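Reader: Hey, got a minute to walk me through this one? I'd like to start with the pockets.

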Amino acid sequence: MRAKTAEDRALLEMIDPIAEAQGLAIVRVRLMGGTLRRRLQIMAERKSDNDISVEECARLSRAVSEVFDAADPISGEYLLEVSSPGIDRPLTRLMDFDLFEGFEARLETDRMVEGRKRFKGILAGVEGEDIAIDLDGEDETALIPFAWLADAKLVLTDELLKRGAALRAARGEPEDDGLPEGAPDNQNPDLSKDEA
């Protein structure tokens, strides 16, 4: 699931060693768009703590660009985008399901499983090559073969946001209020509309 198409898989084979040399792991590679202007999306993270900085994204982007300029694996123009997987990240490797055990996720299979392809529930880890998930409305933990997954993603919940805030705090990073630095905070309840 780190790469969907044959073209994605070929690109991933080129990108993996570049990321590895920088202590990074590739979470997902997708070449999207038509033939005119395509976009190569690379999601990466540090192996040590499953996070990545803006500087590390830029460094990986430069290294991939250098290799791709020489090898020219993508015909035509394309935009290279290197980013973190994000809070509600895709789950693309078996280890992701252990790492995010206890969090809510949406899974989609490439075949029907008991009459459906889409599942939502709380991740319960991994058993061999199967994903364990406590599905909404079900009493028993379901096992879904990892090989059958077409897509899997964490659901953005308060618990997931708290986990992200705790990880940032542990690294000594400031809280992000989502506003650009120096922007006025319009959330001040002490000001009425007339005073603002």
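Author: Sure, and keep in mind that this is a predicted model. Let's take the second largest pocket, which is lined by Val113, Glu114, Arg116, Phe119, Leu135, Glu138, Glu140, Thr141, Ala142, Leu143 and Ile144.

Reader: What volume does the second largest pocket have?

Author: The second largest pocket comes to about 190 Å³.

Reader: And which element gives the largest share of that lining?

Author: Strand E7 does, with three residues. Strand E5 (116-127) and strand E7 (142-145) each supply at least two residues.

Reader: How does the lining of the second largest pocket split by class?

Author: Six residues are nonpolar, one is polar and four are charged.

Reader: Glu114 was on your list. Where is Glu114 found?

Author: Glu114 belongs to the loop between strand E4 (104-113) and E5. Its phi is near 50°, a positive value in a residue other than glycine.

Reader: Remind me, what sign does phi have in most residues other than glycine?

Author: Negative, for most of them.

Reader: Does Glu114 count as buried or exposed, and why?

Author: Glu114 counts as exposed because its relative accessibility is 82%, and the cut-off for exposed is over 50%.

Reader: Which other residue has a positive phi, near 55°?

Author: Asn50 has one, and that residue is not a glycine either. Asn50 is found in the loop between E2 and H2.

Reader: OK, on to the largest pocket. What's its volume?

Author: About 660 Å³. The lining has 21 residues, and those closest to the pocket's centre are Asp51, Ser84, Ile87, Arg168 and Arg171.

Reader: Which helix gives the most to the lining of the largest pocket?

Author: H4, with five residues. H2 and H4 each supply at least two residues of that lining.

Reader: And the class split for the largest pocket? How many are nonpolar, polar and charged?

Author: Nine nonpolar, five polar and seven charged.

Reader: Switching to enclosed space: how many cavities of 30 Å³ or more does the structure hold?

Author: One. The largest cavity has a volume of about 40 Å³, and its lining consists of Met1, Arg28, Arg30, Pro90, Leu91, Thr92, Ala150, Asp151 and Ala152. E1 and E8 are the elements that give two or more residues to the lining.

Reader: Which of them gives the most?

Author: E8, with three residues. By class, the cavity lining has five nonpolar, one polar and three charged residues.

Reader: What comes between strand E8 (149-154) and helix H4 (158-170)?

Author: A loop, and Val155 is found there. Val155 counts as buried because its relative accessibility is 13%, and buried means under 20%.

Reader: Leaving aside neighbours within four places in sequence, which residues does Val155 contact?

Author: Glu104, Ala105, Arg106 and Leu160. As for Pro90, it sits 65 residues from Val155 along the chain, and their C-alpha atoms are separated by 9.5 Å.

Reader: Let's zoom out. How many helices and strands are there in the chain?

Author: Four helices and eight strands. Along the sequence the pattern is α-β-β-α-β-α-β-β-β-β-β-α.

Reader: What fraction of the 196 residues is buried?

Author: Buried residues make up 36%. On contacts, take those between residues at least 6 apart in sequence: 55% of them join residues at least 24 apart.

Reader: Now the strands. How do E1 and E2 run, and how many bridges join them?

Author: Strand E1 (residues 24-32) and E2 run antiparallel, and eight bridges join them. One bridge pairs Leu24 with Arg46 in E2. The two strands form a hairpin with four residues between them, and Gly33 in the turn has a positive phi of about 100°.

Reader: And in what sense do E2 and E3 pair?

Author: E2 pairs with strand E3 (residues 77-83) in the parallel sense, over seven bridges. Arg39 stands opposite Leu79 in E3. Between the two strands the chain crosses through helix H2 (residues 54-71), and that β-α-β crossover is right-handed.

Reader: Last one: how many of the ten residues of E2 are buried?

Author: Eight, so strand E2 (residues 37-46) is mostly covered, with buried taken as under 20% relative accessible area.

How values were computed: Residues are numbered from 1 along each chain as its sequence is written. This is a predicted model: local features need pLDDT of at least 70, side-chain atom pairs count only at pLDDT 80 or more; totals for chains, interfaces and linings use all residues. Side-chain values use heavy atoms; hydrogens and water are left out. Buried means under 20% relative accessible area, exposed over 50%, partly exposed in between (1.4 Å probe, protein chains only). Contact means heavy atoms within 4.5 Å. Two strands pair if DSSP finds at least two bridges between them. A crossover is right-handed if, with the strands pointing away from the viewer, the path from the first strand over the helix to the second runs clockwise. On a 1 Å grid over the protein atoms alone, a cavity is a set of points where a 1.4 Å probe fits but cannot get out, and a pocket is an open set with protein on both sides within 12 Å along at least five of seven lines; lining residues have an atom within 4 Å of a point. Grid points are joined across faces, edges and corners, and a volume is the space filled by probe spheres set on the points. Ala, Val, Leu, Ile, Met, Phe, Trp, Tyr, Cys and Pro count as nonpolar, Asp, Glu, Lys and Arg as charged, and the others, Gly among them, as polar.
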